[in-house]
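Okay everyone, thanks for coming. I've got one structure to walk you through, so let's put it up.

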Amino acid sequence: MGKKCVGIDVGGTSVKIGIFETTGELLHKWEVGSRTEENGRYILDDVSASILETLKKHNISLDEVKGIGMGVPGPVMPDGYVEVCVNLGWRDLYPGRELSSRLDGIPVLCGNDANVAALGEMWQGGGKGYEDIVMVTLGTGVGGGVIMGQKIISGKHGLAGEIGHIHIRDEETEHCNCGGVGCVEQIASATGIAREARRKMASTDIPSVLRDFGDDVTAKEVLDAAKAGDELAKSVMDTVGHYLGLTLAQISMVIDPEVFVIGGGVSRAGQFLIDEIFRHYDSFTPISKSKSKIVLATLGNDAGIYGAARLILD
């Protein structure tokens, strides 16, 4: 058996790749561009060539590699079938099989990128030491991943962990990118937080430093202002915390994970954000004093390659 494994995180702009010891130590990481022209047909060629070149440079033979894991931006069926990855142009593809065929038949396993990132955080990140975690990624959108017994739960239709599209706000009138209305993503993503701030500025006369930014206000500016005590910004984050807390409470009542791991760009707000979410989560779960912890993710943009590498170790 090989003593190394490779993790690949395929994105619309670049593909992140890492070589790991099977113990979880990252030996080397790098990126290659994602050539999405002609329905992404060159991506796997570029990735396989880059892996072979880099292994050679580090004096690692393909025989020393136990296998390769790959996270892709779309639903992945249990047999590795990917119907569509919109950002890549992929349709009706078995990317794991395709990559394996380019690398002398080495085992390659595939998973959805958000689920794979959650696996990475469980293995070597904020969820290390736990077997049952739910990761919530607050970025441009809201993603998620469910890990139970150290295994990804993707569901029969690949929809498990689509936390961003749980309906939580009945009075919402605008549509989410998914076609739904009142999704978590519309409130708790970076774009959602900025939208809440614009709405709050338009509907109240509360003085705020955010008014200096007007319609160009960003989530970071909202969070920085809230931390500094700005009343309007604090009100926006109270709304965000309310709906995130409600979402986590509902998830708890279904699967009761050991820990929620909060990642994505918005999580850079740190403990302030965690405290805001927990305050509401706690109030929505009076049924028990024993409840899931809420912690920050720690692997940042590397979570995907860690989780992808971990896929191959079961």
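Quick one to start: which residue does Cys85 stand opposite in strand 6? That would be Trp90. Bear in mind throughout that we're looking at a predicted model.

Staying with that spot, strand 5, residues 82-85, and strand 6, residues 90-93, run antiparallel and share three bridges. The two form a hairpin, with four residues between them. In the turn you'll find Gly89, with a positive phi of about 90°.

Now over to the sheet. We have five strands in an open arrangement, ordered 3-2-1-4-7, and the pairing is mixed. Strand 3 (26-33) and strand 7 (108-112) sit at the edges with a single partner strand each, so each has one side without a neighbour in the sheet. Going from one strand to the next, the twist averages 20°.

Let's look inside that sheet. Strand 1, residues 4-10, pairs with strand 4, residues 65-72, in the parallel sense, over six bridges. If you want one pair to find on screen, take Asp9, whose bridge partner in strand 4 is Gly71. Helix 3, residues 95-102, packs on the sheet and touches strand 1, strand 4 and strand 7. The direction of helix 3 makes about 150° with that of strand 7.

Last stop, much further along the numbering: helix 10, residues 303-311. Is helix 10 mostly covered or mostly uncovered? Mostly covered: nine of its nine residues are buried. Among those buried residues are Tyr306 and Arg310, along with glycines Gly304 and Gly307.

That's my tour, over to you.

Terms used
Residues are numbered from 1 along each chain as its sequence is written. This is a predicted model: local features need pLDDT of at least 70, side-chain atom pairs count only at pLDDT 80 or more; totals for chains, interfaces and linings use all residues. Side-chain values use heavy atoms; hydrogens and water are left out. Two strands pair if DSSP finds at least two bridges between them. Axes are lines fitted to C-alpha atoms, for helices over the stretch in contact, and angles run from 0 to 180 degrees between N-to-C directions. Contact means heavy atoms within 4.5 Å. Buried means under 20% relative accessible area, exposed over 50%, partly exposed in between (1.4 Å probe, protein chains only).
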